[in-house]
2 protein chains.
Amino acid sequence: MSNVLNYLITARRCEVEELQRLARTCQLVLTVGKLIHCLQQERGISNIYLGSRGERDALVWRERVAASEVAQQEFASWLEATEHDNALSNGARLYTRIAFALHALDGLPRLRADVAALACSPAASYERFKTLVGALLALVFEAADVAVDPQISRLLVALFNLMQGKEFAGRERAGGAAAFAMGKITREQEQSIEYQIEMQEQALRRFESFAEGFRNEWTAMQATLPLAELERLRRKLLTSHERPLDSDMADAWYQCCSTRIDGLHQVEIHLAQYVQAQCHAKIIELQKELDDQGQWFSQEEALDPLAPLATFSSSLDGGHLSGGPMDAGVGPHLTQSIVDLLRAQSERLQNLTQELATVRESLEERKLIERAKGVLMMKQGLNEENAYRLLRKHAMNQNRRIAEVAQAILSLTEILPDA
Amino acid sequence: MSNVLNYLITARRCEVEELQRLARTCQLVLTVGKLIHCLQQERGISNIYLGSRGERDALVWRERVAASEVAQQEFASWLEATEHDNALSNGARLYTRIAFALHALDGLPRLRADVAALACSPAASYERFKTLVGALLALVFEAADVAVDPQISRLLVALFNLMQGKEFAGRERAGGAAAFAMGKITREQEQSIEYQIEMQEQALRRFESFAEGFRNEWTAMQATLPLAELERLRRKLLTSHERPLDSDMADAWYQCCSTRIDGLHQVEIHLAQYVQAQCHAKIIELQKELDDQGQWFSQEEALDPLAPLATFSSSLDGGHLSGGPMDAGVGPHLTQSIVDLLRAQSERLQNLTQELATVRESLEERKLIERAKGVLMMKQGLNEENAYRLLRKHAMNQNRRIAEVAQAILSLTEILPDA
């Protein structure tokens, strides 16, 4: 009998370990989020520095570089301290993403040397930073795609979307700053900024829909963000219809966007801490149940060994395949309390699995869309915005979901003509 | 740079560990399969013993009990030798199933005492064994539902379906033996046997469709099974139209079914060994690649550190979300060979994930159908056959798949009336 209990406890211990790996994964996301934020700031200031041919913000640029270096060092130290077998959920894929990210980070010194020497254009510098941030976001995406606990997974998906939304906000800031500085905006720039705004809103909507338990905090923090001012400036920017823009507004735009982005970063930190706290709460809860179960060993002999087991096997539902309403009472000398434990554990795991499937479905859709965009960019020579527009247009015309169209495109990859 | 390589190697090592857990899971399935086979034999002989009021096969019964005990001991020893953290894939759910199985096995001594004392009916004994085998099959099902390697997962799904098909064959043997012994078959018995045959054929079809790489061996082994003779006896049994059956055929029926079941057990053993061999081959392959990568550390300095990286980021497709054809050359001092490694690893994992999703879908469907059957049995007081018939009828009437109907029923569980 105690063998049954032993393996139930082993099952619980496996769950605790999975949650501990998940908690470490949350730390990783927090560390990477900080690095992304620093790189976004460095990217912005590098553009100002390059755009002014080194006359503006040289000092601030150096400060930002130093801040990025500190954040990168923290990331490296975290990795070093954590690198051991089974440290992270989803190890094989996550470590591959880490390798990718480190590879991208290895390019930073050369990029910075180019910026310092004014040896590259603002646009080129911007693209290189964007790729770097993309590699780090891909890491966060992989971290969110773990099959452990649906509530934590949902929060990680929320966190990823928040971070992605912030990245689109950063790109909007850069695009608008360039236009205001130039004193005019081209049709192409307009379209690009509209795309960043739409993607931002999509990502933030997804963030909101997955951020259960965090919404009140989000509402409160959101109230402090300069949304009205941002919308006013967006209107100025996007309705100029090729009339000159007021270049004096460049600073106001930059400040307003930055305040909002910094605010989003604060939300991100709070959310990441919230996820970690949830993780630890779950670990403590499971640990407590484990301790309680330990006490049963001493109690079990005192319980009636012939207690009825009438509905024992209904708990097998999710996974049993023998069928039949099983009142035959196999294992009848087990106590009812252990049967309750078995049933509760089995039902809980079954529910977890189903909820997880839902969360992962939404991640799979993101992947499909990104991959289809990639195919269109490569095969048709489109930029990201237009690839997305094409997908959306097809979806609307055919009254299908964008993910479905993406799936159809991917299944045709082989036969699509190259651009 | 070697950091990038370090983490790629860590990712590979994670994969190797996952495969090692999977190899252990295969061993577990082999051990459980043997135990199931012994219990099926014991179940059959117990029925003969009980049906003859202890006059027939008392000695054989004792031999079978001893054989089951040996198999159960092997299962227990395997568990004991393997119980350590992270020993098995999918730990939390698998250990819960193991606890369930041990709980069911705890009931065996009492069941055997009842059989020995002729204190239960053949039907009651049969049901209790069926429940027990069901708990062990549920364990195998859980073992097949692992998200590691799609090829191995497919083979495990094949193995599970083979074992399930064999269980249905065992039930058919018992039902037919009872009818031949009685010298007549009721309409209800006929329906039950037809159901066992249909389920058997379904399970074996699924086994065939998932058993890639093993089909030639299956075809060869299948040729040795007494299929023509079985079909002849089935025809006699199911077309008697309430005329008397020839009781002298009871032995022929039992022998024929048993030969086939033993043959299926041999196929099962060969398949389980084949899966293990595939697992080990993959481990060796990955290990070899790991060793090769180790050599790169010494080579890398000799390679051109400025080799072009034009298409580096296209490999991010599956998971990156930054977008843009990234020829910006982040991390440009990395060697091409490392980039190739990164890309290959990323693509491989992406493909694995997609293939796995397909395999798991088929498992999810099985679960849905089993759970819907359970609901119908409980709520409508149906037996397993009729619950399945009802599902199939609805599916045919509505021109939908059985899994879809099952899903619909499950979503209505709360509001379905009790029987």
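**Confidence, helices and aromatic pairs**

In this predicted model, chain A averages a pLDDT of 82, and 86% of its residues score at least 70.

Trainee: Which element of chain A has the lowest mean pLDDT, and which the highest?

Mentor: The confidence varies among the elements of chain A, and helix α4 of chain A, residues 108-116, has the highest mean, at 95. At the other end, the mean falls to 76 over residues 336-380 of chain A. The lowest is therefore helix α11 of chain A, and the highest is helix α4 of chain A.

Trainee: How many helices and how many strands does chain A have?

Mentor: Read along the sequence, the pattern of chain A is written with the symbol α throughout, as α-α-α-α-α-α-α-α-α-α-α-α-α. The count for chain A is accordingly zero strands and 13 helices.

Trainee: What span should helix α2 of chain B have, and how far apart are its end C-alpha atoms?

Mentor: Helix α2 of chain B runs over residues 58-82, which makes 25 residues, and the expected span rests on 1.5 Å a residue. The expected span is 1.5 Å times one less than the number of residues, so for this helix it comes to 36 Å. The end C-alpha atoms of helix α2 of chain B agree with that value, for they are separated by 36 Å.

Trainee: Is Ala104(B) buried or exposed?

Mentor: Ala104(B) belongs to helix α3 of chain B, residues 91-105. A residue counts as buried under 20% relative accessible area, and Ala104(B) has 0%, so Ala104(B) is buried.

Trainee: How are the rings of Tyr7(A) and Tyr95(B) arranged, stacked or edge-to-face?

Mentor: The structure holds 16 aromatic pairs over all chains, and in this one the ring centres are 5.9 Å apart. Tyr7(A) lies in helix α1 of chain A and Tyr95(B) in helix α3 of chain B, so the pair joins two chains. Both residues, Tyr7(A) and Tyr95(B), are buried. Planes under 30 degrees apart count as stacked, and here the angle is 20 degrees, so the pair of Tyr7(A) and Tyr95(B) is stacked.

Trainee: What is the angle between the planes of Phe141(A) and Phe160(A)?

Mentor: These two form an aromatic pair with 5.1 Å from centre to centre, and the pair links distant parts of the chain, with Phe141(A) in helix α5 of chain A and Phe160(A) in helix α6 of chain A. Phe141(A) is buried at a relative accessible area of 1%, and Phe160(A) also counts as buried at 1%. The pair is edge-to-face, and the angle between its planes is 75 degrees.

Terms used: Residues are numbered from 1 along each chain as its sequence is written. Chains are lettered from A and ligands numbered from 1 in the order in which they are written. This is a predicted model: local features need pLDDT of at least 70, side-chain atom pairs count only at pLDDT 80 or more; totals for chains, interfaces and linings use all residues. Side-chain values use heavy atoms; hydrogens and water are left out. pLDDT is the predictor's confidence in each residue, from 0 to 100. Helices (H or I, at least four residues) and strands (E, at least two) are DSSP runs, numbered from the N terminus. Buried means under 20% relative accessible area, exposed over 50%, partly exposed in between (1.4 Å probe, protein chains only). Rings of Phe, Tyr and Trp (its six-membered ring) pair if their centres lie within 6.5 Å; planes under 30 degrees apart count as stacked, over 60 as edge-to-face and the rest as tilted.
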